[in-house]
Amino acid sequence: MKLRATFLSILTILLAGVVFESRGQDVQFSQFYNVPMHLNPAFAGSAHQTRGTLHNRLQWPSLDATYTTSLISADTYFPEYKSGVGVMVVQDIMGGADFMSTDVVLQYAYEVHINENITFRPGLQLGYVSRTVDYSGLIFPQQVDDQGQHDFGNPYGLGNRIHYVDIGSGGILYSKDFWVGASAHHMNRPNQSFTGDVARQAIKYSFVGGYKIRLKSKQKYLAYLQSEPERAIVPTVHYKMQGPSDQLDVGVYAMYDMVMAGVWYRGIPIKKYDSFLRNHESVVLLGGVKFGNFSFSYSYDIVVSRLSTVNTFGAHEFNLTYVHNRQPKKRKKMKRLPCPSF
């Protein structure tokens with residue numbers, strides 16, 4: 001209960017702070033390439049097939065704060081129009097539903113073949129966001145007397161629900177072995193205030209890149225995988241910034257037929273928030289298996305920041321992806337993105 005009270009107090013301060021300026025940060029996933037549409041709208045239809053994804057992140061489960069994020073998405077590709085379309089729903093819950101956000105997003109991407117080797121994919125997205133607050137679990141200063149007793153309620157008369165439109169865009173440039181991409185979310189800087197005042201959300205910028213080092217394989221086709229064997233080592237980098245905060249993911253994936261493993265570091269150790277606090281967050285471990293049209297992966301965040309002194313039990317992510325391998329009509333083979341798509 002003490003941890004929960006601490007969390008609710010912090011949330012109260014944050015809610016009060018939105019009267020002046022919103023500094024809340026977006027959810028970040030460790031398995032960012034397993035939720036590509038959340039990473040960049042240009043990934044809509046990037047599998048050149050029909051794809052469905054279920055994803056869940058459980059953060060710091062030992063703390064009584066209940067940070068849970070769930071994502072469901074579906075996208076497909078229309079080769080005759082060189083276009084990909086997708087829909088995504090993301091629900092973020094903090095404090096056992098005391099604060100909840102639900103995003104419904106539509107995406108569109110178009111493929112431009114610059115030459116035989118290079119392809120560019122621009123993408124756009126339009127989202128509708130609903131955020132709610134349950135004040136019955138919050139404690140405000142004037143509700144606490146000298147004996148520490150308090151009453152629950154909403155003494156400020158704040159609204160408990162807001163809705164707004166959210167706009168984003170992005171692009172990816174890639175060849176058979178490398179890719180670079182950039183995206184911008186919340187380009188219209190929507191107002192997130194529950195008080196009726198102005199609290200603009202900061203634009204989030206994201207940059208990704210990597211290179212696929214292919215390993216030789218004598219096998220031409222794996223029937224049980226319904227695809228060509230994927231044997232490669234893929235170093236990647238992912239940098240994002242939003243308002244005064246930024247973060248870097250750098251690591252490597254390894255894919256060998258039906259299994260996948262990865263390890264990367266999240267943080268910018270040369271950056272300090274103050275003289276005692278470095279931007280040093282976590283080490284992420286990932287494992288996955290693929291069979292037929294389905295793939296499943298799990299990742300675990302090992303906390304290496306000062307929060308490691310508290311037994312948070314890290315963060316857990318689970319991903320289930322289904323790709324429908326339709327048999328296309330005879331046409332020129334499409335170049336798939338070389339980034340990890342497991």
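The following conversation goes through some strand pairings, salt bridges and ring pairs in a predicted model.

Biologist: Let's start with the strands. What makes β2 and β3 a pair?

Modeller: Two strands pair if there are at least two bridges between them, and 11 bridges join β2 (residues 67–78) to β3 (residues 83–94), so the two count as paired, running antiparallel. One of the bridges sets T76 opposite V85 in β3. The two strands form a hairpin with 4 residues between them, and K82 in the turn has a positive phi of about 55 degrees.

Biologist: And how do you know that β3 pairs with β4?

Modeller: By the same reasoning: at least two bridges are needed, and 12 bridges join β3 to β4 (residues 99–110), so this antiparallel couple also qualifies. V85 has Y108 as its bridge partner in β4.

Biologist: Now to charges. Why is R57 with D301 called a salt bridge?

Modeller: The cut-off is a side-chain nitrogen within 4 Å of a carboxyl oxygen. The closest N and O atoms of R57 and D301 are 3.2 Å apart, so the pair meets it. R57 lies in β1 (residues 50–59) and D301 in β15 (residues 294–303), so the salt bridge ties together parts that are 244 residues apart in sequence.

Biologist: Are those two residues buried or exposed, and how do you know?

Modeller: Buried means under 20% relative accessible area. R57 has 4% and D301 has 3%, so both count as buried. Salt bridges that share partners also join R57 and D301 with K240, D249, R266 and E317 into one network.

Biologist: What makes K212 and E230 a salt bridge, and where do they lie?

Modeller: Their closest N and O atoms are 3.2 Å apart, and the limit is 4 Å, so they qualify. K212 is in the loop between β9 and β10, while E230 is in the loop between β10 and β11, 18 residues apart. K212 is buried at 5%, whereas E230, at 28%, is partly exposed.

Biologist: How about D257 and R231: why does that pair count?

Modeller: Here the closest N and O atoms are 2.5 Å apart, which is within 4 Å, so it is a salt bridge. D257 lies in the loop between β12 and β13 and R231 in β11, so parts 26 residues apart in sequence are tied together. D257 is buried at 11%, and R231 is buried at 14%. R231 also lies over the face of Y256, at 4.2 Å from the ring centre.

Biologist: Good, on to the rings. Why are F207 and Y239 called stacked?

Modeller: Ring centres must lie within 6.5 Å, and planes under 30 degrees apart count as stacked. For F207 and Y239 the centres are 6.4 Å apart and the planes 25 degrees, so the label fits. F207 lies in β9 and Y239 in β11, so the pair ties together parts 32 residues apart.

Biologist: And what makes F294 and Y322 tilted instead?

Modeller: Their centres are 4.8 Å apart, but their planes stand at 50 degrees, which is neither under 30 nor over 60, so the pair is tilted. F294 is in β15 and Y322 in β16 (residues 315–324), 28 residues apart.

Biologist: Why do you call F294 and Y322 partly exposed?

Modeller: Partly exposed sits between the 20% and 50% limits. F294 has 45% and Y322 has 30%, so the term suits both.

Technical notes: Residues are numbered from 1 along each chain as its sequence is written. This is a predicted model: local features need pLDDT of at least 70, side-chain atom pairs count only at pLDDT 80 or more; totals for chains, interfaces and linings use all residues. Side-chain values use heavy atoms; hydrogens and water are left out. Buried means under 20% relative accessible area, exposed over 50%, partly exposed in between (1.4 Å probe, protein chains only). Rings of Phe, Tyr and Trp (its six-membered ring) pair if their centres lie within 6.5 Å; planes under 30 degrees apart count as stacked, over 60 as edge-to-face and the rest as tilted. A charge sits over a ring if NZ of Lys or CZ of Arg is within 6 Å of the ring centre and within 35 degrees of the ring normal.
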